[in-house]
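Visitor: I am new to reading protein models, and I would like to be led through this one step by step. Could you show me the structure before we begin?

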Amino acid sequence: MTAAAPQPKYRKDYTAPDYFIRHIDMTVDIGETTEVEALLDIERNPDRPSGQPLQLDGENMKLLSIELDGKFLTEADFEVHAKGLNIPSLPDRCQLRTRVVIDPHNNTALEGLYRSGDILCTQCEAEGFRHITYYLDRPDVMASFRTTIKADRSTYPVLLSNGNPIAEDAEGDRHWITWDDPHPKPCYLFALVAGDLARVEDTYTTASGRDVALRFYVDHGNESRCTHAMQSLKAAMAWDERVYGLEYDLDVYMVVAVSAFNMGAMENKGLNLFNDRFVLADDTSATDEDYIHIEDVIGHEYFHNYTGNRVTLRDWFQLSLKESLTVFREQSFSADQGLGAVKRIGEVRQLRRVQFPEDASPMAHPVRPESYIEMNNFYTPTVYEKGAQVIGMMHTILGDAAFVHAVQEYLEKFDGQAVTIEDFVATLEQSSGQDLQQFRLWYSQAGTPRLTVTEHYDADAQVYELVIKQHVPDTPGQKNKQPMHIPLVLGLLDDSGQPVSLDIETAAEVTPQSPTQALVHLRETETTLRFPNRPSRPVVSLLRGFSAPVKLDLPHDKSDLHFLVRHDVDPFSRWDAGQTLLLRAALEAEQALRAGNAPAFDEALGETFSALLETAGSDDQALLAEMLALPGETYIAEQLDVVDPDAVVGAYQALRQYLAGAMGEHLKAAYEALRPGGAYRIDAGSIGRRRLQRQVMDYLAAYDPDALAGYCWQQYDKADNMTDTIGALAAINDLPGDTREQLFADFEQRWRENHLVMDKWLRLQSTARRDDILERLEQLMQHPIFSLRNPNRVRAVIGAFTVDNMPGLHRIDGSGYRFVADYTLKIDQLNGQLSARLVSCLTRWRRYEPQRRQLMRAELERIQQAGNLSSNLYEIVSKSLAEE
Ligand code: B3K
Ligand code: ZN
């Protein structure tokens, strides 16, 4: 056991700070050791009682001296402990100077100031600043920052921090520079970078005609790989001006790409830090998906400048306030860049793959959590992605114009303040006149609501009726929940597939969106909708555009679903009808396999999906690729009360094999027809074509592995871009044989110097279905490019294995679990944020069949008993093992 179990913090316990820090003047002197001097202008909070002790946060640092208003304090005047420093009493206004030594070179947790390759950089969100100096490390303490960095000139020629450079000088081997950021900010937005970096510069002229310098800092040699990120930044700046009327507010916007980074990127004011995989790209080394991710992450961090930085958080329980709104803005931006509805489908796929499981796990928490042990564990799909859906529902309820207007009001009203989710929702409510009282339950109730729909058609009365029941499942600490306000968008199709003019009789509120589409506000446990004057039974298209993040049990039988696949006008619902058909088929196959029978599939299923393939040349190819992609194994498993991974994997494979057989030779024709017609282009049409081609290759691997191997060889050989190159490797990944080995070996030779490209190579091998996968993983970790200290490499090998290798992870001898637990413990000694993510694959042990359940639990107990765990890992493991 951990010596003293870390204690949770509760949202209900929030109190305003006793003291504010109005300004900080710090000097970071980088040398053999790194010394940080901080001069804090402190003011008592007049709303709090006087005479309170000052309790500064500070960890992993050695205190050299402390002065209060110019007088050195002695040890009797203060108390230093493992988590900070207390001074029993303080004048109402004073200046406190501390000098500490920190050790960035041995900071493997990558929080605070740390080394990435040869550069020093920071990560302060959520609570990293307390690793740099003693401070009130909470977002409602906002100060102006002045930062002087001193360092060796040749090792660290570039010295950056937030704001504007105001002075610099050099003497001998050393130089220094002072940065001034006059806008008060919480310390989680502080950033510092020191290193030998190349600078790529461009300019953006804002709508009001101001020039903003855009500067990317990257390793030397990577200058030409910033073009796409730079363009994406400009597109994001223009989008925010056009859609929200928001202009960038400083003269310089800096982005630094670093290779050792715990997450995607960080929105520090004026000085974003990025995981280099979300900056660096060129056609030969980046895939379509890389290009899209870069645009998304660049947009996301840029949009934080308002939603997060200008208006920030009162406390960490409010994290979703900035993250969900920023993800929503990022998603809107991204959809506008060309892929539209297909982007939405991708978001839903991802939500179902990672957030629905989290919502049904021991870590389930509301979008606004009530408690946490380690804040870094709450940067979750629930806070981000479900939170963005919650914002999206308010957007649907208010309508686009009223929503945008309300967000603008919120940003104006709270500019420069640290606020709460309640402040945001109340502003939306006041601005729009909509009642969001019941809607607020989305922030407090965890768990994915389930809608069960039954239908009845009365031919004599010519009335079609739907009864919709909602239920929110129990989650840890929350039972017997209240019904939610769920916006359900729907339409009806007549028997020729035409949309029907809607006339709805119901006690629920209905907002027409068009003559044939309506938004129904579900607020009760049960809602009845009656559609009169229907001479024949219509087919209902429900949850259009995925209007709410719910699980939906459709009333449709198979023929209705086939009909919707052919006729629905809403791309999401059309796709989802197809997914429901496939899911039902997979679940039947799973049942058959568990009963010892061979799976069997309807002929109609093969016909519908073959017919889709035949539209490959004409239809929206990106949408078609999504329509043809099977629901993933994880999502299939999600539907089951007890998971037998062998049956899930078997069912998935059987369904794939069946469909591949049904499509047959058409697959080859489609593959040929989808070959590139010219040089690589990154536009929505070309991306769609390549996605569809990849999907076709996935079926071809099942239908005719030899033919596929030939195609892969040729494609790899001719490719002028990474999407086609990696597509060839991905398609052949699970097929043993010489072609696979040769292509992987050649790829390694070609790309061994490029760690981002090698991550793709590592990732594919970690997810390959092969009996010797664990030995292979060990070999991969011996590769010169691999390091347990680099999160990207660890995620590519171990992370990918835990998420995308169901048969490997769930080997019946328990060796997959043992492997994960061993590395979780090893990595936890270095980086608690990373180890806590890796162990997540074991947390839902209770859902598995008895043998696996026991094996998974034993590994979790082994981790728990190892002792000396990071608070991150401790929280996840202890919550997973807690009694239900
Ligand atoms: N705000 C950061 C995430 C910080 C994560 C800290 N463990 C990136 C983002 O959401 O934009
Ligand atoms: Zn964010």
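Guide: UniProt positions are given in the numbering used here, feature names are shortened, and annotations may be inferred rather than shown by experiment. This is a predicted model in which local features need pLDDT of at least 70, side-chain atom pairs count only at pLDDT 80 or more, and totals for chains, interfaces and linings use all residues. Residues are numbered from 1 along each chain as its sequence is written, chains are lettered from A and ligands numbered from 1 in the order in which they are written, and side-chain values use heavy atoms, with hydrogens and water left out.

Visitor: What percentage of residues 107-189 is strand?

Guide: The unreviewed UniProt entry places "domain: Aminopeptidase N-like N-terminal" at these residues, 107-189. Helices (H or I, at least four residues) and strands (E, at least two) are DSSP runs, numbered from the N terminus. The end C-alpha atoms of residues 107-189 lie 19 Å apart, and the span is 0% helix, while its strand content is 55%.

Visitor: What percentage of residues 559-882 is helix?

Guide: The unreviewed UniProt entry gives residues 559-882 the annotation "domain: Peptidase M1 alanyl aminopeptidase C-terminal". The end C-alpha atoms of this span lie 45 Å apart, and with 0% strand its helix content is 73%.

Visitor: Is helix H9 largely enclosed or largely open?

Guide: Helix H9 runs over residues 571-594, and its end C-alpha atoms are 34 Å apart, which agrees with the 34 Å expected for 24 residues at 1.5 Å a residue (the expected span is 1.5 Å times one less than the number of residues). Buried means under 20% relative accessible area, exposed over 50%, and partly exposed in between (1.4 Å probe, protein chains only). Because 17 of the 24 residues of H9 are buried, the helix is largely enclosed.

Visitor: How far from an oxygen atom of ligand 1 is a polar side-chain atom of Tyr-384?

Guide: A residue is near a molecule if one of its heavy atoms lies within 4 Å of it, and of the 14 residues around ligand 1, Tyr-384 is among those that come nearest. A polar contact is a pair of N or O atoms within 3.5 Å. For Glu-323, a side-chain N or O atom is 2.9 Å from an oxygen atom of the ligand, whereas for Tyr-384 the distance to an oxygen atom of ligand 1 is 2.4 Å.

Visitor: Which residue lies 8.2 Å from Ala-5, between C-alpha atoms?

Guide: Ala-5 sits in the segment before strand S1 (9-10), and because its relative accessibility is 29%, it counts as partly exposed. Its C-alpha partner at 8.2 Å is 869 residues away along the chain, and that residue is Tyr-874.

Key:
A polar contact is a pair of N or O atoms within 3.5 Å; within protein, one must be able to donate a hydrogen and the other to accept it, and residues adjacent in sequence count only if both atoms are side-chain atoms.
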